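Thanks for coming, everyone. I'll go through one structure today, and I'll keep it quick. Have a look at it on the screen first.

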Amino acid sequence: MQFIADYMVALSQWIQTSTPLPTFALWLQKQWYSDGIAKTPYAIPVLQTIHTLAVAMIITAILMITLRVFMVAGKSRTLAQTLHRFAPWIWWCLLVCFVTGWLLAIGEPPRDMTNPAFWTKMVVVPIAALIALGIQTSMTKNIVSWEAAATHRGIVAQVVSVLFILLWLVIMALGRWIAYVPT
Amino acid sequence: MDFQPLWDKIELSPVGDFVASSAWAFPTLETIHVIAIATVFGTVAIMDLRLLGLASSTDRVTDLSRDTLTWTWGAFLLAAVSGTLLWVSKAHVYMRDPWFYIKMVLIGVAGINMAIFHHVTWKTIGQWDGGRPPQAAKIAGLGSIVLWIVVVFCARVIGFTLGVYE
């Protein structure tokens, strides 16, 4: 765990000394829209609630697809039907997360803009979105192979699914640790 | 009755002291708590949206229940354990925060709602398993999703109000 702490401290120091982000955060904090979000009663917890609920739907949608790949849930559906049911939730909720996440960052610039966990999350989320797009495209184009892999418990499909769900757990952890890492 | 000595004793227990004094314990437990609650909400929402006729309308309710219920209960247990460990570290602060009480009561109401659904409405499942749920099931689904949304909101507000009661 020490290397994570070392990484966060090093990234925080780099953000503070080598980027314009601290100045930008202070400038942003003085803008009317940032002030508006910060001073509106319950705006931050309401945005955080919507953000959390959207993340919940993403992680559950991925869980349901993963469980179908493992043939432990959704067995009454084909993999194509499972994908059709849950994949749109991932994308729509990702959009909700994007909007609410940036509104939160605008409302609390010093908390987020100089935060190493926040910027790590901002790098990991687009990577996760690209991987999701890759998996979805692969499933859509090769649905017969994926269905066969699920039926015969293909190890590659299972490993890809588990690694992807772990990546989202890391994203959720980064989101929570924004509140705790040094800035 | 003054419970303050009890809360102090809980906080000073080895577990309470460890969670409070470790730099990693509280944020790690909170991360586990959030992941668990997210899984509870997500799996409950899949069922609720089906009961409301808003998603998975062609799926049998019994199939969805089988797919989600184990995860709902497993994640709820994880949330309860991690939540208790968080509470132990700052018991007296949580016990002063009205949002904590609201959250606990709403979780209780959500449990009662679920119990009524599974013990009463579920008896006629054979008649509507693959089709449109009856009014009672829709009300249970609506109640459940609204209650869990408010529970998550209360949890977030606790994060903001806890400092006030330190």
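What volume does the second largest cavity have? About 40 Å³. Bear in mind that this is a predicted model, so that value, like the others I'll give, is computed from predicted coordinates.

Who lines that cavity? From chain A we have M57(A), T60(A), A61(A), R85(A), F86(A) and W89(A). From chain B we have G42(B) and I46(B). So much for names; now the elements. α4 and α5 of chain A each supply at least two residues of this lining, and α3 (25-51) of chain B does too. By class, the lining divides into five nonpolar, two polar and one charged.

Now the other cavity. The search of the whole structure finds two cavities of 30 Å³ or more. The largest holds about 180 Å³ of space. It has 16 lining residues. Closest to its centre are I65(A), I90(A), I135(A), M139(A) and F164(A). On the element side, α4, α5, α7 (116-141) and α9 of chain A each supply at least two lining residues. The class split here is 13 nonpolar, three polar and no charged.

Next, the fold of chain A. How many helices and strands does chain A have? Nine helices and zero strands. Read along the sequence, the pattern is α-α-α-α-α-α-α-α-α. The C-alpha trace of chain A spans about 55 × 35 × 25 Å along its principal axes.

On to the interface. Here 31 residues of chain A are in contact with 31 residues of chain B. The area buried between the two chains is about 2800 Å². Carbon and sulfur atoms give 74% of that area. Which three residues supply more than any other three of the area that chain A buries against chain B? They are L53(A), R176(A) and W177(A), with 19%.

Polar terms next. Between chain A and chain B the count is two salt bridges. One of them joins R77(A) to D59(B), with the closest N and O atoms 2.9 Å apart. Across the interface, eight residue pairs are in polar contact, both partners at pLDDT 80 or more.

Which helices build the side of chain A that touches chain B? α4 (43-69), α5 (79-107) and α9 (155-177) of chain A each supply at least two residues. α4(A) gives the most, with 14 residues. By class, this side of chain A has 21 nonpolar, six polar and four charged residues.

Keep α4 and α5 of chain A in view. They supply residues to this side of chain A, to the lining of the largest cavity and to the lining of the second largest cavity.

Last stop, a pocket. The second largest pocket holds about 490 Å³ of space. Of its 20 lining residues, the closest to its centre are M1(A), I4(A), M8(A), W177(A) and W24(B). Note W177(A) again: it was one of the three residues I named for the area that chain A buries against chain B. α1 (2-18) and α9 of chain A, together with α3 of chain B, give two or more residues each to the pocket lining. α1(A) gives the most, with six residues. And the classes? The lining has 18 nonpolar residues, two polar and no charged.

That's my tour. Over to you for questions.

Technical notes
Residues numbered from 1 in each chain as written. Chains lettered and ligands numbered in written order. Predicted model: local features only at pLDDT ≥ 70, side-chain atom pairs only at ≥ 80, totals over all residues. Heavy atoms only, no water. Contact = heavy atoms within 4.5 Å. Buried area = accessible area lost by both parts, 1.4 Å probe. Salt bridge = Lys/Arg side-chain N within 4 Å of Asp/Glu carboxyl O. Polar contact = N/O pair within 3.5 Å; in protein donor to acceptor, adjacent residues only side chain to side chain. Helix = DSSP H or I, 4+ residues; strand = E, 2+ residues; numbered from the N terminus. Nonpolar A, V, L, I, M, F, W, Y, C, P; charged D, E, K, R; others polar. 1 Å grid on protein atoms, 1.4 Å probe; cavity = no way out; pocket = protein on both sides within 12 Å on 5 of 7 lines; lining within 4 Å. Points joined across faces, edges and corners; volume = space filled by probe spheres on them.
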